[in-house]
Amino acid sequence: MENTLKRFTVNGGFFGRYQQLAKDTIIPHQEKAIKDELAGAEKSHAVENFRHAAEVIKTGKCSGEFYGMVFQDSDVAKWLEAAAYSLALFPDSELEKRCDEVIDLIAEAQHDDGYLNTYFTVKAPEKRWTNLAEAHELYCAGHMMEAAVAYAQCTGKTKLLDIMERMTAHIYKRFVTDGAEGYPGHPEIELALMRMYKCTGDKKHLELAGHFINVRGVNPHYFGEECKKRDWQVWGLDCGDTEYAQNNAPVRELEKATGHSVRAVYLYAGMADYAAVTGDESLVKACETLWCNIVQKRMYVTGAIGSAYEGEAFTADYHLPNDTAYAETCASIGLIFFARKMLDLQKRGEYADIMERALYNCVLAGMELDGTKFFYVNPLEVLPGISGMTKTHWHAKPERPSWFVCACCPPNVARLLTSIGEYAWSLEEKEDVIYSHLFINGELDGKIAVETNFPFDGKVTYKFKQAVNQMLAIRLPFWSENTQISCEYEAKDGYAYIKGAFAEGDVITVDFDMSVKRIYADSNVSANNGKVAFSRGALIYCAEGVDNGGEILNLAVKKNGAVSIEDNNLKAEGFRLKNNGDLYSFNSPEAEPCTIKLVPYYTWGNRGLNQMRVWIPEN
Ligand code: FUB
Ligand code: ZN
C-alpha cells in the first residue's frame, strides 16, 4: 500500500470523472464548508477552531469559542488529506498555498509538549485525556496523522508530518513511557500510526499502534472506570456498553462485529495492517473471523454496514432492515479500508469483491452526482413522507444535504476518491506479482495502460507500454461466471495469474460476464424474503419513483421474466398491484403487467424527492 499513489494515474473513464470532480467541485465545496463560506449550509467552524486554539497558545486567552462536534478537527484533517491526493493528481499552486496556510495555523495551535486538539485547547484545557470514551482526542490525532503522511507523500512538504510526529511522541510518552491506562473510544489512530510508521520508519509508531491494539478490551471496564473518575461528559455515552465500544474482550478474542460500525471497521483495518507488518497469526485469525461475520451475516447487498440508528451500529446477524438502515457512508469506507488491509495479508479475490461492492454502491451513493451534496445514511428503501420524517426514520433522509453538523462522511468520500489507485493495485516487488484488484482506466508506472468502460462494460484491456518481468494477477470477480481472458492463466483464490515476461506492445484482453443477475437474500434476512434485487457487474440496481409512475411500493417483478439493458439501466417485466381501497381486504389485488425500470443504486436520489427500493417483491 501507499506505493501506487503516484505510480497509478487514472486516465478518464468512470473514476477519471470522479477525480476531476474532486478537484473542480468536491474539494473546493468542502473547503468552503470548513471555512464557513458555504451559503445556506450547516456551520462548521472547523478551521476557525484552529484559529482560536492558536490564539490560546499565543496569548493564553481566546476571544471566541469552540464550536461543533468534539471531533471537529478531523474534518480539517480529512479535507487536507483529500487535497493532498488531489495535488498529486492535479498540481495546483493556489490550492497548495491554501493548504500550507491551514497547516501553518495547525502548527500555531500545537502546544509546546506536542499536544494538538482544538476542543481541549479552547474549551477544556484541564480535561485533556480524561474522557477517552467520548472525546475523540486519539481519533482526531489519527486523522491528522493520515493527513500529514498524505501531504508529505504528495507534496514533499513535511511541516504537518513534523507536527504529528511531535503529537505522536506526546501520546507515546503518556501511554507507553508513563504507562497511562486507556485506549481509544473511537479507533482510528491504530491504522494512522501504521501509516506514520510506514512513512517515517520510526519503530515507536509501530509499537504505539500495537499498544493500542493489544490493550484494548484487556480491561473491558476501562471506560466505565474512567467515567466514574470524571465529572463531565460529551454526550453521556453508556460507558458500560462494551460491545458498542468493541472492548468486550481482548481484540484477538472478538468473534462478532459489534457496536458502532465505523469504529469497528477502523479498528479491524488497523489490526489487519499491524498483523500484516508483524506477522501476528492470532491477530490474522481474529481479522478473518470478524471479516466473515460482517460479509456473511451483517452486510447489506450494497456493501453498507450498520443496521441501526441507535448507536450507529451493527445489531444482530441477518438483521438488515432496508428502510431504517443506518448504513453510514463512513462505515462502508471503513469496510473498504479493512478489505484493502486483508488483501495485504492474503491475496484472496473475495476481499477485493467486497471492496468493489462497497465502493460502487454504498459509497458512491453517499454523494450527489454533482459532488456538492452528501448522504450520511444510505438506506435501501426510501419513502418520502416517512423517510427523514417519522421518529423511526428521521435519520434516513430522502435527499442529500450540502453539509452536516456531524460532517464525517463528505471528506471521507473525497479522500477515498482521490486516492482510488491505492485500492486498485497491489505492487509487491518481493513476490514478483502485480495485482489488479479494481478495473480502472489509467496507467501504472507508465508501463501498463488499462483501458475500460467499467462498470458499464465488462471489457478490460491491459496494454504493455514497456517490458514487464513480473507476473500479472487479475481479479476474477465473483459476479462474472464466465470470464474470457485472451491468454493462458492459472486461476487461484479469485485471481487469474498470467506469467510474464511481457514485452512492449503485448495486450491482454479480459471480458467479464456482465449478464444481469437476480440476487436473493438468505431466508434469515426477514426484510428480504420473497424479494429480489438486481445487479449487473459491480453495480446493484434500484427502482425509483421518477421512472415508474411515482409509485413503486405496489410493483412486483415477474419470476423468470425478461430483463433488458438500456443505457446502463435495466428494464424488468413485472406487475403493478391495484389498490383495492381497504386497509385490509379478503380480495387478492389485481395485477397489471408493466415494465419496471431500474437504475444503478449509486445514482439514486439525483432527480428530486423520490421513492426508492433495492429489494422488490417477486411473483
Ligand atoms: O465519531 C466520529 C464519527 O462521527 C463517526 O465515525 C461517525 O459514525 C460519526 O458519529
Ligand atoms: Zn460518516
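1. A polar contact is taken here as a pair of N or O atoms within 3.5 Å. In this predicted model, Tyr-376 meets that cut-off, with a polar side-chain atom 3.3 Å from an oxygen atom of ligand 1.

2. Two glutamates also make such contacts with ligand 1. In the side chain of Glu-312, an N or O atom lies 2.6 Å from an oxygen atom of the ligand; for the side chain of Glu-328 the corresponding distance is 2.7 Å. Ligand 1 would expose 280 Å² if taken alone, and the protein buries 95% of this area.

3. Ligand 1 occupies the largest pocket. Its surroundings include Phe-71, His-136, Tyr-139, His-186, His-260 and Val-262, together with Cys-406 and Cys-408. By class, the shell comprises 6 nonpolar, 3 polar and 2 charged residues.

4. The zinc ion (ligand 2) has as protein donors Glu-328 through OE, and Cys-330, Cys-408 and Cys-409 through SG, at 2.0 to 2.3 Å. Along the chain these donors are spaced as E-x1-C-x77-C-C.

5. The geometry at the zinc ion (ligand 2) is assigned as tetrahedral because its 4 donor atoms subtend angles of 95 to 117°. For four tetrahedral donors, the ideal angle at a metal is 109.5 degrees.

6. The two sites share residues: Glu-328 and Cys-408 belong to the surroundings of ligand 1 and are also donors of the zinc ion (ligand 2).

Methods:
Residues numbered from 1 in each chain as written. Chains lettered and ligands numbered in written order. Predicted model: local features only at pLDDT ≥ 70, side-chain atom pairs only at ≥ 80, totals over all residues. Heavy atoms only, no water. Near = heavy atom within 4 Å. Polar contact = N/O pair within 3.5 Å; in protein donor to acceptor, adjacent residues only side chain to side chain. Areas by Shrake-Rupley, 256 points an atom, 1.4 Å probe, with all protein chains shown as cover. 1 Å grid on protein atoms, 1.4 Å probe; cavity = no way out; pocket = protein on both sides within 12 Å on 5 of 7 lines; lining within 4 Å. Sits in = over half its atoms within 2 Å of the grid points. Nonpolar A, V, L, I, M, F, W, Y, C, P; charged D, E, K, R; others polar. Donors = N, O, S within 2.8 Å, 3.2 Å for Na, K, Ca; no water. Tetrahedral: all angles 85-135°; square planar, octahedral: opposite > 155°, others 65-115°.
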